[in-house]
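Work through the exercises below with the sequence and the model at hand. Each task is followed by a stepwise solution.

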Amino acid sequence: MSISVEASGDLAPEEQKRLKADLSRSLRRNKIRASLLVAPLVIFIIVTFVAPIGNMLWRSVDNPLVRDFMPQTTLALESWDEQELPDEAIYAALAQDIIEGRKAKTIGKAAKRLNYEKGGMRSLVMGTARKHKKIEAPYKESLIKIKKGWGDIENWRVIKRLGSSFTASYYIAAFDMETSPEGDVSFVDEKEQIYLKLFWRTVWMSLLITAMTVLLGYPVSYLLASMPLKTANVLMILVLLPFWTSLLVRTSSWIAMLQAQGILNDLLVWLGIIADEARVQMIYNAIGTVVAMTHILLPFMILPLYSVMKTVPPSYLRAARSLGATPWTAFWQVYLPQTVPGISAGAILVFILSIGYYITPALVGGQSGQFIGNLIAYHMQGSLNWGLAAALGVMLLVLVLGIYGVYNRIVGVNNVKLG
Amino acid sequence: MAIPTYAGPLERAWYYIFRIFCVAVFIFLIAPILVIVPLSFNAEPYFSFTQGMLTLDPGAYSLRWYEEFLTSDRWLDSIKNSVIIAFFSTILSAALGTLAALGLSRSELPFKGVIMGLLISPMIVPLIIAAAGMFFFYSSLGISQSYVGLILAHTALGTPFVVITVTATLSNFDHTLIKAGASLGATPTYTFFKVTMPLIMTGVISGALFAMMTSFDEVIVAIFIAGVEQRTIPLQMWSGIREQISPTILAVATILITFSVIMLTTVEILRRRSDRIRGIS
């Protein structure tokens, strides 16, 4: 590559053109090189991490069972106006679906899905399938004769609603709402609400845990930041050791500390503060969750706070004092405002981590200390209502990403520090 | 922070209250970890101190839980599984993460913010969501209940740490060094291994240690996608705490605490070395 650079104005037009082309080519090459370095990890994360989450998103609205296993009915119902009972053609389609579905042993899956939406649908469909020999033309009369439910317009509305490829029904359930027979969506009775309550409790308890970490973490970070570096480094071990210790180890040590026959109760009894019979129940309830999680998340508050406080010159406080400020005014008006970035960074980090917790609440939370994560796990592994688990997961994800967006605005991903 | 000589009585009182409060927080931080250690030598199957332990009666202490741990096939298998999975996922995350960090540190990279956000996302997204998604997706690929599935999942969770630590090391990296290498006739590959690599090595290693800890401590994804064959240490602890709570858990915990002390020391040494090399302190 020979570029003769003389005084720029003297370059011949074609020389200038070539120079420009060379420059942009070299820029493009650098761009490609940088992209190639990043590409393997980007592809890896998309395949192993983003795709699974996308799959879950899909699952929360996907509704294949009725559409796939009662195809003719679904198709025929598309033109039905929901005002009065369907006509003979639709009944004929239903008869076909039930007879064929019974042979292929698939009708049960559709029936189960219908039953999620309205109790009794399963026995209606399965009962009809059992008496398939009696189904004959004219189908409308014959089907209603076999099962009276086929003469009920509500049941047809349910089938039509669930026949669409996508459903909002999991989200409706996850928001503690129900669909009325007329298709209107409304909240269920407040006493029967589960998920919204649990979401609120998760948010509320996470806020409490965040507040606790600020309360405990701020003075300690201040102490560490105002100490000589050597002493601070030694005391820092007390913060870093829990940080590096396995989550399960810390959770099980809290069981040993807090349980009725545990160390704290033993200590209180020994000190004579409480009677042996009146041991305090500090675990397997909300207290256990809050205490253990505050302990687990406290380092995530102290570390960013400490690094911000390190940058505040101590001379500012002294200057404020020498100008006549009381210690409180000096702290409140001079020191605290400068540490706000640290507080917000730590608080948002703790809050994000806390809201998605599952293990600790499951082990020490009992009934009252459960988080939304525990219910997602329950629907994944216990009730096997995967659609609902996916919908709850997506709601939690949206919440977390929203807060993360705020975090990013305030702190910036590039400023995340470890250790 | 010493108390200033001009402080009044109120300020003095406040100063001592503040100190006592801080000591209390330090105790809160460290006590739960320290009590585990003596409890794991308990001769009785309890989670609390017996009378004998408090009077330092040697008979009240024993190594029976360690013996149980080291002679149980389930625990030994879980160690093997954890080591295998952590080993491969650490190497994979270190390699992928370092490459990506090298790309991210170049100013020419387009869409940097979006890419960084994407690469950090495994750290932000609640694990229960990731685990549920992986359960569906990995099953459909046929890699759930396999080492491959668990290694891939743990690699994804570990890479953000490598990306962050290596990017941090590279942010102070003097790029003229590469040009100097090139001007002296070195090939880019040669410059990379002789100049770049030694300088970012501390970042790579501490990132890899974070990734290793992540894999070693990870339980939620393991609950969802590990089969019986892939039971890891955390998974074994999880079911141990839920089913029959025995002090074997405490023996394992003590071993893990020793392990984290070693890790902490290593990372600390690395950090100091890296600061020294870059001339910060």
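**Exercise 1: Domains**

In this predicted model, the centres of domain 2 of chain A and domain 3 of chain A, taken over C-alpha atoms, are separated by 53 Å.

Task: state which residues the domain assignment gives to each domain of chain A, and how far apart the C-alpha centres of domain 1 and domain 2 of chain B lie.

Solution. Step 1: for chain A, the assignment lists domain 1 (12-61), domain 2 (64-164) and domain 3 (195-415). Step 2: for chain B, it lists domain 1 (9-60) and domain 2 (73-245). Step 3: the C-alpha centres of domain 1 and domain 2 of chain B are 36 Å apart.

**Exercise 2: The contact between the chains**

Task: find how many residues each chain brings to the contact, and which helix gives the most on the side of chain A.

Solution. Step 1: chain A contributes 72 residues and chain B 76 residues. Step 2: on the chain A side, helix α1 (residues 13-61) gives the most, with 20 residues. Step 3: by class, that side of chain A has 50 nonpolar, 18 polar and four charged residues.

**Exercise 3: A helix pair**

Task: decide whether helices α5 and α6 of chain A are roughly parallel or roughly antiparallel.

Solution. Step 1: α5 (residues 107-117) and α6 (residues 121-130) of chain A pack at about 155 degrees, their axes 7 Å apart. Step 2: angles over 145 degrees count as roughly antiparallel, so α5(A) is roughly antiparallel to α6(A). Step 3: residues of α5(A), including A:I107, A:A111 and A:L114, meet residues of α6(A), among them A:M121, A:V125 and A:A129. Step 4: this contact has eight nonpolar, two polar and two charged residues.

Technical notes:
Residues are numbered from 1 along each chain as its sequence is written. Chains are lettered from A and ligands numbered from 1 in the order in which they are written. This is a predicted model: local features need pLDDT of at least 70, side-chain atom pairs count only at pLDDT 80 or more; totals for chains, interfaces and linings use all residues. Domain bounds come from an automatic or database domain assignment. Two residues are in contact if their C-beta atoms, placed from the backbone, lie within 7 Å. Helices (H or I, at least four residues) and strands (E, at least two) are DSSP runs, numbered from the N terminus. Ala, Val, Leu, Ile, Met, Phe, Trp, Tyr, Cys and Pro count as nonpolar, Asp, Glu, Lys and Arg as charged, and the others, Gly among them, as polar. Axes are lines fitted to C-alpha atoms, for helices over the stretch in contact, and angles run from 0 to 180 degrees between N-to-C directions. Angles under 35 degrees count as roughly parallel, over 145 as roughly antiparallel, 65 to 115 as roughly perpendicular and the rest as oblique.
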